[in-house]
Every structure is written in structure tokens, then in C-alpha cells.
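Reader: Before we discuss the fold, could you put the sequence and the coordinates in front of me, so that I can follow each answer residue by residue?

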Amino acid sequence: MKTLHCSDAGFDCEGVIKATTEEEVLTLAADHALNVHGVSVTPELAEQLKSLIKEEV
Ligand SMILES: [Zn+2]
């Protein structure tokens, strides 16, 4: 399971995005960022988020 902790991206947020693939995590993260934080994920931010994705069970 790939996970992305929203707090690792610099948001004051308990959100954790989980998906089976990195692509899916990034898609969900883009939705989350827009809906919850009002932030559009730029290609630069997407690259940054990608580096924050962890492998967890
Ligand atoms: Zn968040």
C-alpha cells in the first residue's frame, strides 16, 4: 500500500492518502488538496508529493 501523509506535504492536516499505486495516490492527493485545502497540484508539487509517498502495510 502506498501512502502519503498530508502533513508531510506541509499542511496542518491529519489526512493520509492510501492507494495501491503511486499514480492513484497522486490522483487522490490532487483531489484532496483541491477539495480540502483549495490548492491546485502543479507538476512541480506533484513531483514533490511523489517523493513523499511511502510504502506501508
Ligand atoms: Zn490534507
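Reader: Which residues does Cys6 touch, not counting residues up to four places away in sequence?

Author: This is a predicted model, and Cys6 is listed among the residues of its largest nonpolar core. Leaving aside residues up to four places away in sequence, the residues that Cys6 touches are Phe11, Cys13, Gly15, Val16 and His32.

Reader: Which element gives the most residues to the largest nonpolar core?

Author: The largest nonpolar core has 9 residues, namely Leu4, Cys6, Ala9, Ile17, Val25, Leu26, Ala29, Ala33 and Leu49. With 4 residues, the element that gives the most to this core is helix 1, residues 22-37.

Reader: In what order do the strands of the open sheet lie?

Author: Strand 1, residues 2-5, is joined to strand 2 by 4 bridges, and 2 bridges join strand 1 to strand 3, with the strands running antiparallel in the former pair and likewise antiparallel in the latter. Strand 2 (16-19) and strand 3 (54-55) each pair on one side only, as edge strands. The open sheet of 3 strands therefore has, by the rule that strands pair if DSSP finds at least two bridges between them, the order 2-1-3.

Reader: What are the bridge partners of Lys2 in strand 2 and in strand 3?

Author: In strand 2, Lys2 has Ala19 as its bridge partner. In strand 3, the bridge partner of Lys2 is Glu55.

Reader: What angle does the direction of helix 1 make with that of strand 2?

Author: Helix 1 packs on the sheet, where it touches strand 1 and strand 2. Its direction and that of strand 2 make an angle of about 145°.

Reader: Is Glu23 buried or exposed?

Author: Glu23 has its place in helix 1, and its C-alpha atom is separated by 15 Å from that of His5, 18 residues apart along the chain. Because 11 other C-beta atoms lie within 10 Å of Glu23, and a residue counts as exposed if there are 12 or fewer, Glu23 is exposed.

Reader: How is helix 1 oriented to helix 2, roughly parallel or oblique?

Author: Glu22, Leu26 and Ala29 in helix 1 meet Ala46, Leu49 and Lys50 in helix 2, and helix 1 passes helix 2 in a right-handed crossing. The two helices, of which helix 2 spans residues 43-52, pack with their axes 10 Å apart and at an angle of about 125°. That angle makes the orientation of helix 1 to helix 2 oblique.

Conventions
Residues numbered from 1 in each chain as written. Predicted model: local features only at pLDDT ≥ 70, side-chain atom pairs only at ≥ 80, totals over all residues. Core = buried A, V, L, I, M, F, W, Y, C linked by C-beta atoms within 7 Å. Buried ≥ 20, exposed ≤ 12 C-beta atoms within 10 Å, placed from the backbone. Contact = placed C-beta atoms within 7 Å. Axes fitted to C-alpha atoms, helices over the stretch in contact; angles between N-to-C directions. Parallel < 35°, antiparallel > 145°, perpendicular 65-115°, else oblique. Left-handed = near helix turned anticlockwise from the far one by under 90°.
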